[in-house]
Amino acid sequence: MDDGLRVTDRLVVPGAELRERFSRSSGPGGQGVNTTDSRVELSFDVAASPSLPESLRDRALERLASRLVDGVLTVAASEHRAQLANREAARERMAALLREAIAPPPKPRRPTRPSRGAKERRLAEKKRRSQRKRDRRVDGD
């Protein structure tokens, strides 16, 4: 595979760093499923990749820790009958995983307080609700 995998606008993983393995799929394909190698396993060595900058590599290794085996991320695709369609599906899945893993962390939340009006509306609604329930009660008097 010589064409690269576009992860973001700035990051493209060269095709030489990707490994593809083909095997028989258990998915759709009728009788042909027993003879064609349509299942695709796409692997990318995140830990040893020279195309990932150090900061992004560290972030990806941390976020993908549960999915990595010896620093290698593997994605399998077997939902299509055609090998080419499964190759595309695996590449899209790999790009999405990497994109999510190297995304910058979200901004920290700035704590806020409810406004005076919001507090008053909440308490007024609580009073109305309790009054409504009180009115529904059937007392013994």
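The following paragraphs lead through the sheet, the helices, the nonpolar core and one buried strand residue of this predicted model.

The sheet offers a convenient point of entry. Three strands form an open sheet in the order β3-β4-β5, and their pairing is antiparallel. β3 (18-23) and β5 are the edge strands, each pairing on one side only. From one strand to the next, the twist averages 20°. The antiparallel pairing of β3 with β4 extends over 6 bridges; at one position, Arg19 has Ser43 of β4 as its bridge partner. As a general matter, the strands of a sheet pair through backbone hydrogen bonds, in either a parallel or an antiparallel manner.

The helices come next. α2 lies across β3, β4 and β5, and runs at about 140° to β5. α1 has Leu56, Arg57 and Ala60 as its buried residues. Viewed down the axis of α1, these buried residues fall within an arc of 100°, and therefore line one face of the helix. The buried residues of α1 pack against α2, whereas the face turned away from the buried side carries the exposed residues Ser55 and Glu62.

Sheet and helices are brought together in the nonpolar core. The largest such core has 25 residues, and those with the most contacts inside it are Phe44, Val46, Leu64, Leu73, Met94 and Leu98. Two or more residues are contributed by each of β4 (39-45), α1 (54-63), β5 (72-77) and α2 (83-102). The largest share, 8 residues, comes from α2. Leu64 illustrates the packing: not counting residues up to four places away in sequence, Leu64 touches Leu73, Leu97, Leu98 and Ala101. In soluble globular proteins generally, nonpolar side chains tend to be buried together.

Glu41 merits separate attention. This residue lies in strand β4. Is Glu41 buried or exposed? Its relative accessibility is 18%, and because residues under 20% are classed as buried, Glu41 counts as buried. Leaving aside neighbours within four places in sequence, Glu41 is in contact with Arg19, Glu20 and Arg21, and also with Thr74, Val75 and Ala76. The side chain of Glu41 additionally makes a polar contact, at 2.8 Å, with the side chain of Arg39. With respect to Thr8, which is 33 residues apart from Glu41 along the chain, the C-alpha atoms of the two residues are separated by 22 Å.

Key:
Residues numbered from 1 in each chain as written. Predicted model: local features only at pLDDT ≥ 70, side-chain atom pairs only at ≥ 80, totals over all residues. Heavy atoms only, no water. Core = buried A, V, L, I, M, F, W, Y, C linked by side-chain atoms within 4.5 Å. Buried < 20%, exposed > 50% of the residue type's maximum accessible area, 1.4 Å probe, protein only. Helix = DSSP H or I, 4+ residues; strand = E, 2+ residues; numbered from the N terminus. Contact = heavy atoms within 4.5 Å. Pairing = 2+ DSSP bridges. Axes fitted to C-alpha atoms, helices over the stretch in contact; angles between N-to-C directions. Arc of directions from axis to C-beta. Polar contact = N/O pair within 3.5 Å; in protein donor to acceptor, adjacent residues only side chain to side chain.
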